[in-house]
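Subject: Structure handover and findings

Hello,

Please find the structure below. My notes come after it.

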Amino acid sequence: MFVEIIIPTYDRPAPLKSMLASLVAQTDEDWGAHVLIDNPNDERVFKIVESFEDPRIRWTKLSERYNNWGHTPREIGKQLSTANYVIMSGDDNYYIPTMVKDLKLIALE
C-alpha cells in the first residue's frame, strides 16, 4: 500500500526541510512525497528539495502563484498522484517515524 504526501510550499525552506527530514526517517519506506512549489522564483526551496537526493521526493514548480493557502497546489498534487492513499500536508508539519506504518495498520483494520 503506497502512501503519497502532497506538500504545497511557498517561501518556507526551513519548515520544509524539517518536514522532508521527518519523511526520510520513516520506518516504512513505501511512501512518496510531492512538493508543489507555489513560488516559481524561490531557488531556496529547490535547493532544499534537491539536497535530500531521495527518489521518493519529487517536486513540481507551479507556473504561477495561486495565493489561496495551498488549496490549488493540493488539488494539482492530488490529480498527479497515483497512490493508494494520499495525505494532504503542510510544509510546516512533522511526522513521527512510524506515521506511514501506523497509517497502514489503521487502513487494514
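The notes below cover confidence, the largest pocket and a handful of residues.

**Basis**

This is a predicted model, in which local features need pLDDT of at least 70, side-chain atom pairs count only at pLDDT 80 or more, and totals for chains, interfaces and linings use all residues. Residues are numbered from 1 along each chain as its sequence is written, and side-chain values use heavy atoms, with hydrogens and water left out.

**Confidence**

The mean pLDDT of the protein is 93. (pLDDT is the predictor's confidence in each residue, from 0 to 100.) 100% of the residues reach 70 or more. Confidence is highest in helix α1, at a mean of 97, and lowest in helix α4 (residues 99-108), at 90. Helices and strands here are DSSP runs, numbered from the N terminus: H or I over at least four residues for a helix, E over at least two for a strand.

**The largest pocket**

The largest pocket holds about 190 Å³ of space. A pocket is found on a 1 Å grid over the protein atoms alone, as an open set of points where a 1.4 Å probe fits, with protein on both sides within 12 Å along at least five of seven lines. Grid points are joined across faces, edges and corners, and the volume is the space filled by probe spheres set on the points.

The lining has 14 residues. Lining residues have an atom within 4 Å of a point. Y10, D38, R65, W69 and G70 lie nearest the pocket's centre. By type, the lining divides into three nonpolar, six polar and five charged residues. Ala, Val, Leu, Ile, Met, Phe, Trp, Tyr, Cys and Pro count as nonpolar; Asp, Glu, Lys and Arg count as charged; the others, Gly among them, count as polar.

Two of these central residues deserve a closer look. W69 sits in the loop between β3 (57-61) and α3 (71-80). Its phi is near 60°, a positive value in a residue other than glycine. W69 counts as exposed because its relative accessible area is 77%. (Buried means under 20%, exposed over 50%, partly exposed in between, with a 1.4 Å probe and protein chains only.) G70 lies in the loop between β3 and α3. At 9% relative accessibility, G70 is buried. G70 and I7 are 63 residues apart in sequence, yet their C-alpha atoms are 8.6 Å apart.

**N39 and D11**

N39 is in the loop between β2 and α2 (43-51). It is buried, at 13% relative accessibility. D11 is in the loop between β1 (3-9) and α1. D11 is partly exposed, at 30%. The side chains of N39 and D11 are joined by a polar contact of 2.8 Å. (A polar contact is a pair of N or O atoms within 3.5 Å; within protein, one must be able to donate a hydrogen and the other to accept it, and residues adjacent in sequence count only if both atoms are side-chain atoms.) D11 has a positive phi of about 55°, although it is not a glycine.

Beyond four places in sequence, N39 is in contact with T9, Y10 and D11. Contact means heavy atoms within 4.5 Å. N39 and S63 are 24 residues apart along the chain and 8.1 Å apart, C-alpha to C-alpha.

**H34 and L80**

H34 is in strand β2 (residues 31-37). It is buried because its relative accessible area is 0%. Its side chain makes a polar contact of 2.5 Å with that of T60. Leaving out residues up to four places away, H34 touches several others, including E4, I5, W59 and L80.

L80 belongs to helix α3. At 41% relative accessibility, L80 is partly exposed. Its contacts beyond four places in sequence are H34, R58 and T60. The C-alpha atoms of L80 and T60 are separated by 10.0 Å, with their positions 20 residues apart along the chain.

**L16 and S89**

L16 is in helix α1 (residues 13-24). It is buried, with a relative accessible area of 0%. Past four places in sequence, its contacts are I7, T9, V35, V45, I48, V49 and D91.

S89 is in the loop between β4 (85-88) and α4. It is buried too, at 1%. The side chains of S89 and N93 make a polar contact of 2.9 Å. More than four places away in sequence, S89 is in contact with residues including I7, M19 and R74.

Best wishes
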